[in-house]
Amino acid sequence: MLQGSKISQSGFLASVREFITLLLIVLIVRIFLFGLYQVPTGSMETTMLVGERFFADKLSYFLRTPHRGEIISLNAPDFVYSPNPVVKLLQLYVLGPIPFNWGPDNWTKRVIGIPGDHVEGKIENGKPVVYLNGKVLDEPYVNTYPLIKVRAEDIQAQCDRIEKEMVAAHGRIAIDRTALERFIEQRGGYCPRSYDPSKPYDAQPFYRIDQNRVVSFDLIMPYTPIRPDMPAIEIPEGTNFWNGSDSFSVYLKDDEYWCMGDNRLGSRDCRAFGPFKGEWIRGRIVFRIWSMDSNESWWIVDLIKHPIDFWKRVRWQRFFQWVH
């Protein structure tokens with residue numbers, strides 16, 4: 001009986017050792033080799049679309065620093081890290097926002113400036129222009145399509161969902177449906193999406209657009225300055241300045257980077273939060289694995305919810321592509 005107990009204990013300990021070994025391998029791969037990232041926003045359109053999954057090379061940035069023009073994955077710059085160095089290390093390299101917001105979100109942006117660079121944003125002839133070390137930066141990757149405002153779900157579906165939530169929280173209550181619809185319309189709640197005016201709504205190259213969900217048919221044209229109502233700003237030479245607009249001037253220090261989204265009118269980037277440190281950079285986005293017109297984190301969830309329509313959401317022409 002005692003011998004059988006010892007065998008059971010040794011088997012259990014062997015299983016624990018195997019699990020710990022497997023966990024360590026997974027952590028090493030995740031931290032030092034590669035990662036998989038899904039695009040949650042349209043900040044990098046049309047280079048990257050919402051619902052696309054990408055492979056990121058992490059090893060390169062342990063051997064060298066990021067280069068200008070590379071697309072990177074970085075930790076959300078506004079995340080507040082723990083003062084505990086061990087916890088901070090886990091937040092930097094392991095933990096993410098799901099399921100308990102223990103770690104930062106992952107963002108994808110393009111590197112515009114590296115340590116030692118002077119990056120300037122100006123408005124010339126009514127259009128934003130980026131200067132790098134005194135020369136106009138050629139940016140063929142910037143989104144040239146206008147944006148259209150589209151709701152993530154139609155008003156009726158939003159009303160149904162709000163009614164269910166209110167009934168679940170407060171029991172049977174009387175809801176003025178007309179007032180609720182008007183409130184939703186006034187509140188906005190839309191996503192700007194890249195739009196090709198030469199094609200009908202049901203034949204758009206990037207996103208399927210339901211005409212009933214279009215908030216406004218007025219297009220946001222490319223190269224429109226962010227906050228165009230702001231007066232021209234004179235930035236003293238040698239000083240750093242940014243305020244969320246397309247007018248900025250930044251001298252990058254050691255280990256400081258300046259990044260921006262390819263979709264300049266739909267990207268929250270260094271124009272809003274300033275330069276960021278290299279320790280926030282997680283990897284270099286290099287390869288598009290698949291592409292779906294979906295906001296779900298996992299494709300299997302979309303397949304279960306929409307077993308027939310799922311296949312229409314797949315962007316087959318954007319599978320297995322190098323990105324740059």
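**Reasoning about a predicted model**

In this predicted model, the protein has eight helices and 15 strands.

Me: Why is Ser294 called buried?
Reply: The relative accessibility of Ser294 is 9%, and buried means under 20%, so Ser294 counts as buried. Ser294 is found in the loop between strand E14 (281–291) and helix H7 (299–305).

Me: What makes the pairing of the side chains of Ser294 and Asp302 a polar contact?
Reply: The distance given for these two side chains, Ser294 and Asp302, is 2.4 Å, and a polar contact calls for a pair of N or O atoms within 3.5 Å, one able to donate a hydrogen and the other to accept it, so the pair is listed as a polar contact.

Me: Which residues is Ser294 in contact with, once its neighbours within four places in sequence are left aside?
Reply: Ser294 is then in contact with Val50, Gly51 and Asp302, where contact means heavy atoms within 4.5 Å.

Me: Why is Leu24, in helix H1 (residues 2–33), called partly exposed?
Reply: Leu24 has 48% relative accessibility, and because buried means under 20% and exposed over 50%, with partly exposed in between, Leu24 counts as partly exposed.

Me: What makes Leu24 eligible for a nonpolar surface patch?
Reply: Patches are made of residues with over 30% relative accessible area and no salt bridge, and Leu24 is at 48%; together with Val16, Phe19 and Ile20, Leu24 makes a nonpolar surface patch of about 370 Å².

Me: How many of the residues in the protein, as a percentage, are buried?
Reply: Buried residues make up 41% of the 324 residues.

Technical notes. Residues are numbered from 1 along each chain as its sequence is written. This is a predicted model: local features need pLDDT of at least 70, side-chain atom pairs count only at pLDDT 80 or more; totals for chains, interfaces and linings use all residues. Side-chain values use heavy atoms; hydrogens and water are left out. Helices (H or I, at least four residues) and strands (E, at least two) are DSSP runs, numbered from the N terminus. Buried means under 20% relative accessible area, exposed over 50%, partly exposed in between (1.4 Å probe, protein chains only). Patches are made of residues with over 30% relative accessible area and no salt bridge: like charges are joined within 9 Å, nonpolar side chains (Val, Leu, Ile, Met, Phe, Trp, Tyr) within 5 Å. Accessible areas come from the Shrake-Rupley method with a 1.4 Å probe; for residues, only the protein chains shown count as cover. A salt bridge is a side-chain nitrogen of Lys or Arg within 4 Å of a carboxyl oxygen of Asp or Glu.
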